[in-house]
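Me: Could you take a close look at the ligand site in this one for me? I'd like to hear what surrounds the ligand and how the site sits relative to the domains.

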Amino acid sequence: MKIEKQVQLKAFNTLSLNSIASDYVKISSIDDLVSALTYANEHQLNILILSGGSNMLLPEHIHALVIHMNIKGITKLSEDDQTATLQVGAGEIWHDFVLWTTSQELYGLQNLALIPGLVGASPVQNIGAYGVEAGDFIESVEVYDRKENKIKHITREDCHFSYRHSIFKDDPDRYVITHVNFKLRKQADLKLNYGDLKNAVGDDLTGLNLQNQVIKIRQSKLPDPKEYPNVGSFFKNPVILQSDFDKLFSKYPQVPHYPQPNDQIKVAAGWLIEQAGWKGKQLGDVGMFHKQALVLVNYADANLTEVQQTYKTVQQDIYEKFGISLEPEPVLFNQQGFIIQHPLISE
Ligand code: EPU
């Protein structure tokens, strides 16, 4: 384990933000992790866990120990006639893992192909796409508990998965995820109820075809971070009260929306942003992508302050036009490496 000083993180975050970490270490095992935590303790440094960097907003300078997760490996823990349970290292690349499951004829994750990032981040915001969420197939999450200084297994129930949320978001400084255990099916049970996925899949009802169609749809709408640095959807789809939705719907009956439990409605943020004229529009070097208005792109070499100018202007505009506060999806860090809340937009 080697601690490095003044490390540029631009290549390690998919929005390509310039960000210099005072202290940085890449770790490949739980032993490395424990040594890194001890170093941080001795040097009174906060720690920032860096995974695939595909959902992070990093400031230009970070005074903290950045721990870059690189724990690899896929192990079959158990299996029966119907299912197999796999232990997957937090540092495995998510998309490669999904492709591998399909090649092994293990099913469930095909709708989640091509999501950027690493396996260890998948439970944190319960990544989701095309009607499936990672939490649907996570059996448990192995963590290092920084409060109790020991390894723990957190069961699916205790992860409290919901839309882009889990306990790992509520308590971000407590757990370091080392492995994720997935229970996958041996029989394909394809989830085709999202949008036009069913048409795209057609008659070839195999997991492989489903995976290929998801890849095709994503490639047609979502920019490749290598070409257009981005963090996927920049805002969550807002979930609003039925009474507020009724007012919105009476003015805009074409708004795409999805009923939720407890008299709530999820509204398509990308549609609101497009209606507000932001699709394909830039403010300085930062703008909303021309094929998917929910994706913010760093078109040149913008830093966090410039990114914030653009997304705050979009938030303000949406609030003024529709009375809806959009909440950014990526996690915002301060200069001490702590996660901070996004401020709410209001009048
Ligand atoms: N829409 C527009 N204009 C746009 C973008 C979208 O009118 O510029 C409309 C679409 O026509 C559609 C609706 O909004 O009726 C939903 O669009 P889409 O199917 O593209 O999905 P999304 O709601 O924008 C969510 C996830 C994506 C995920 C897709 C597919 C969130 C915040 N985003 O996007 O996840 O891939 O559904 O399931 O929930 C991510 O989280 O980074 C991400 C890419």
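Reply: Here's a walk through the ligand site, from the shell of residues out to the domains.

Keep in mind that this is a predicted model. There are 24 residues around the ligand, and the ones that come nearest are Tyr-130, Tyr-163, Tyr-194, Glu-274 and Gln-292. Sorted by class, the shell has 11 nonpolar, 6 polar and 7 charged residues.

As for polar contacts, Tyr-194 has a side-chain N or O atom 2.8 Å from an oxygen atom of the ligand. Lys-221 also brings in its side chain, with an N or O atom 3.2 Å from a ligand oxygen. With Ser-233 it's the backbone instead: a polar backbone atom there sits 2.8 Å from an oxygen of the ligand. On its own the ligand would expose 820 Å², and the protein buries 83% of that.

Which secondary structure elements build the shell? At least two residues each come from β8 (128-129), α6 (207-221), β13 (230-233) and α8 (269-275). The largest share is from α8, which gives 3 residues.

Now zoom out a bit. The chain is assigned domain 1 (4-69), domain 2 (74-218) and domain 3 (224-340). The ligand lies between domain 2 and domain 3, because both of them give residues to the shell around it.

Those two domains have their C-alpha centres 25 Å apart. They touch each other directly too: 7 residues of domain 2 are in contact with 8 residues of domain 3. Between them, domain 2 and domain 3 bury about 670 Å², with 52% of it on carbon and sulfur atoms. On the domain 2 side, Tyr-163, Arg-164 and Lys-169 lose the most area to domain 3, and together they make up 58% of what that side buries. Tyr-163 is worth a second look, since that name is also on the list of residues that come nearest to the ligand.

Methods. Residues are numbered from 1 along each chain as its sequence is written. This is a predicted model: local features need pLDDT of at least 70, side-chain atom pairs count only at pLDDT 80 or more; totals for chains, interfaces and linings use all residues. Side-chain values use heavy atoms; hydrogens and water are left out. A residue is near a molecule or strand if one of its heavy atoms lies within 4 Å of it. A polar contact is a pair of N or O atoms within 3.5 Å; within protein, one must be able to donate a hydrogen and the other to accept it, and residues adjacent in sequence count only if both atoms are side-chain atoms. Accessible areas come from the Shrake-Rupley method with a 1.4 Å probe; for residues, only the protein chains shown count as cover. Helices (H or I, at least four residues) and strands (E, at least two) are DSSP runs, numbered from the N terminus. Ala, Val, Leu, Ile, Met, Phe, Trp, Tyr, Cys and Pro count as nonpolar, Asp, Glu, Lys and Arg as charged, and the others, Gly among them, as polar. Domain bounds come from an automatic or database domain assignment. Contact means heavy atoms within 4.5 Å. Buried area is the accessible area (1.4 Å probe) that two parts lose on being put together, summed over both.
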